[in-house]
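Trainee: I would like to work through this model slowly with you, from the ligand to the interior and then to some individual residues. Could we take one question at a time?

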Amino acid sequence: MKVLPFVFSLFSITLAESFCNTPSEHTGDSIFVDKNLKSNVGPVDFELWANGGNNNATFYTDGSFSCGFKNTTDYLCRSGIQIVPDQYPSDIGHIKAEFKVEKVNFENVQYSYIGVYGWTLGSKVNKVFEYYIVDDVLVPIPSDFANEKIGDFMIDGAEYTVYRNTNGGLTQYFSVRKVTRSCGTIDVTAHFEQWEKIGFQKSTISEVKVLGEIGNDVGGVNGALNFPHAKVYIDGKVAQSKAYVPPTTPVEEPVEEPKKTITKIVKCKAKKN
Ligand SMILES: *[C@@H]1O[C@H](CO)[C@@H](O)[C@H](O)[C@H]1NC(C)=O
Ligand SMILES: *[C@@H]1O[C@H](CO)[C@@H](O)[C@H](O)[C@H]1NC(C)=O
């Protein structure tokens with residue numbers, strides 16, 4: 001019976017976000033990118049997009065990534081999955097994302113969003129929108145950053161302020177965590193459910209990615225962010241890029257049976273003259 005408390009404590013360690021309490025390192029193969037690029041590295045879909053500057057990012061097959069930016073105006077590095085074809089979040093399964101960020105250095109940052117990000121793209125049914133779940137920032141978000149503050153909501157055990165911003169034809173949905181954190185698990189599905197309750201237009205999504213975005217309307221942003229842990233899960237399983245072709249385990253060549261020679265017996269009737 002003395003064993004019991006020990007068993008329970010082990011159990012709670014397993015349930016807690018263990019990646020937040022242990023050092024994380026990039027593992028697996030990686031790709032270094034120094035221009036705008038949307039692609040995949042093994043099972044991980046990624047994108048580097050920036051407006052101006054000398055930028056880079058390294059994306060790893062374990063989902064982790066690191067981001068460097070110099071004299072940029074708007075810079076986004078992100079890692080996760082594309083949803084091909086785009087689907088309603090509720091049809092995809094239960095979506096969660098784990099992230100851990102290290103703010104290596106930064107200067108001249110006017111705005112920043114760290115968390116989960118995605119788009120609808122090319123959907124025939126709904127217009128394009130961007131969604132953000134912001135769990136961390138480099139600098140406080142200005143209160144007037146979006147043109148509609150919807151309200152505060154408890155989402156997955158924490159308080160978030162939800163905003164909608166319309167910018168020309170583009171609509172952006174934001175959940176901004178009141179108490180920021182640099183590591184954790186974001187229940188993406190819970191945010192979509194809350195947004196739907198508020199009456200945000202239900203729409204199909206084309207991506208779910210862990211995001212680091214920094215910017216300044218007048219440019220000149222420098223710095224680096226490191227995400228030693230980033231993973232997107234669907235129904236408890238690490239989501240995989242549709243573009244990923246898993247290595248096939250070598251199959252033993254079947255021993256070739258000696259070919260049977262079919263001897264056609266042609267009966268020749270001697271021509272009788
Ligand atoms: C990536 O960008 C950062 C920030 O400008 C820079 O410090 C770093 O040297 C760059 N990495 C490579 C490999 O070019
Ligand atoms: C930074 O970028 C601006 C253009 O956005 C350019 O005019 C300026 O020369 C750049 N500065 C440096 C130090 O590269």
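**Reading the model**

Trainee: Which strand gives the most to the shell around ligand 1?

Mentor: Please keep in mind throughout that this is a predicted model. The residues that surround ligand 1 are F32, N56, G68, F69, K70 and G223. Three residues of this shell come from a single strand, and the strand that gives the most is strand 5 (residues 65–72).

Trainee: How much of the accessible area of ligand 1 does the protein cover?

Mentor: The residues of the shell divide into two nonpolar, three polar and one charged. One polar approach can be named, since an oxygen atom of ligand 1 is 2.3 Å from an N or O atom in the side chain of N56. Ligand 1 on its own has 360 Å² of accessible area, and the share of this that the protein covers is 43%.

Trainee: What percentage of the residues of the chain count as buried?

Mentor: The chain contains four helices and 16 strands. Its exposed surface comes to about 15700 Å², with carbon and sulfur atoms supplying 54% of that area. Among the contacts with a separation of 6 or more, 69% join residues that are 24 or more positions apart. Of the 273 residues of the chain, the portion that counts as buried is 47%.

Trainee: Which strand supplies the largest share of the largest nonpolar core?

Mentor: In soluble globular proteins, nonpolar side chains tend to be buried together. The largest nonpolar core here has 49 residues, of which F59, Y75, Y131, V188 and V208 touch the most other members. Five residues of this core belong to one strand, and that largest share comes from strand 15 (residues 221–234).

Trainee: How many residues are in the other core, the one that lies apart?

Mentor: Take Y131 of the largest core as a starting point: beyond four places in sequence, this residue touches V116, Y117, G118, W119, Y173, F192, W195, I205, E207 and V208. Apart from the largest core lies another, which includes Y111, Y117, A146 and F174, and the number of its residues is 14.

Trainee: Is I214 buried or exposed?

Mentor: I214 sits in strand 14 (residues 205–215). Leaving out residues up to four places away in sequence, I214 touches F69, T72, T73, D74, Y75, V109, Y111, S112, L138 and V221. With L138, 76 residues apart from I214 along the chain, the C-alpha separation is 8.2 Å. The relative accessible area of I214 is 1%, and because the cut-off is under 20%, this residue is buried.

Trainee: Is K35 buried or exposed?

Mentor: K35 lies in the loop between strand 1 (30–33) and strand 2 (37–41). Its C-alpha atom is separated by 9.9 Å from that of E47, a residue 12 positions apart from K35 along the chain. Because the relative accessible area of K35 is 55% and the cut-off is over 50%, K35 is exposed.

Trainee: Which residue offers its backbone nitrogen to the side chain of N165?

Mentor: N165 is part of strand 11 (residues 158–167), and at 10% relative accessibility this residue counts as buried. Beyond four places in sequence, the contacts of N165 are with F145, A146, N147, L170, T171, Q172 and F174. In one of these pairs, a backbone nitrogen lies 2.9 Å from a polar atom of the side chain of N165, and that nitrogen belongs to N147.

Trainee: Which residue follows helix 4 with a positive phi?

Mentor: Helix 4 (residues 188–198) has as its buried residues V188, T189, A190, H191, F192, Q194 and W195. At the start of this helix, a side-chain oxygen of D187 comes within 3.3 Å of the backbone nitrogen of T189. Beyond the end of helix 4, with phi near 100°, comes G199.

Trainee: Which residue is joined to V84 by a cis peptide bond?

Mentor: Some backbone angles deserve attention here. N71, in strand 5, is not a glycine and yet has a positive phi of about 55°, while D156, in the loop between strand 10 (148–155) and strand 11, has a positive phi of about 50°. The cis bond, by contrast, concerns omega, which is about -10°, and involves a residue of strand 6 (residues 74–87). The partner of V84 in this bond is P85.

Definitions and conventions. Residues are numbered from 1 along each chain as its sequence is written. Chains are lettered from A and ligands numbered from 1 in the order in which they are written. This is a predicted model: local features need pLDDT of at least 70, side-chain atom pairs count only at pLDDT 80 or more; totals for chains, interfaces and linings use all residues. Side-chain values use heavy atoms; hydrogens and water are left out. A residue is near a molecule or strand if one of its heavy atoms lies within 4 Å of it. A polar contact is a pair of N or O atoms within 3.5 Å; within protein, one must be able to donate a hydrogen and the other to accept it, and residues adjacent in sequence count only if both atoms are side-chain atoms. Accessible areas come from the Shrake-Rupley method with a 1.4 Å probe; for residues, only the protein chains shown count as cover. Helices (H or I, at least four residues) and strands (E, at least two) are DSSP runs, numbered from the N terminus. Ala, Val, Leu, Ile, Met, Phe, Trp, Tyr, Cys and Pro count as nonpolar, Asp, Glu, Lys and Arg as charged, and the others, Gly among them, as polar. A nonpolar core is a set of buried Ala, Val, Leu, Ile, Met, Phe, Trp, Tyr and Cys residues joined through side-chain atoms within 4.5 Å. Buried means under 20% relative accessible area, exposed over 50%, partly exposed in between (1.4 Å probe, protein chains only). Contact means heavy atoms within 4.5 Å.
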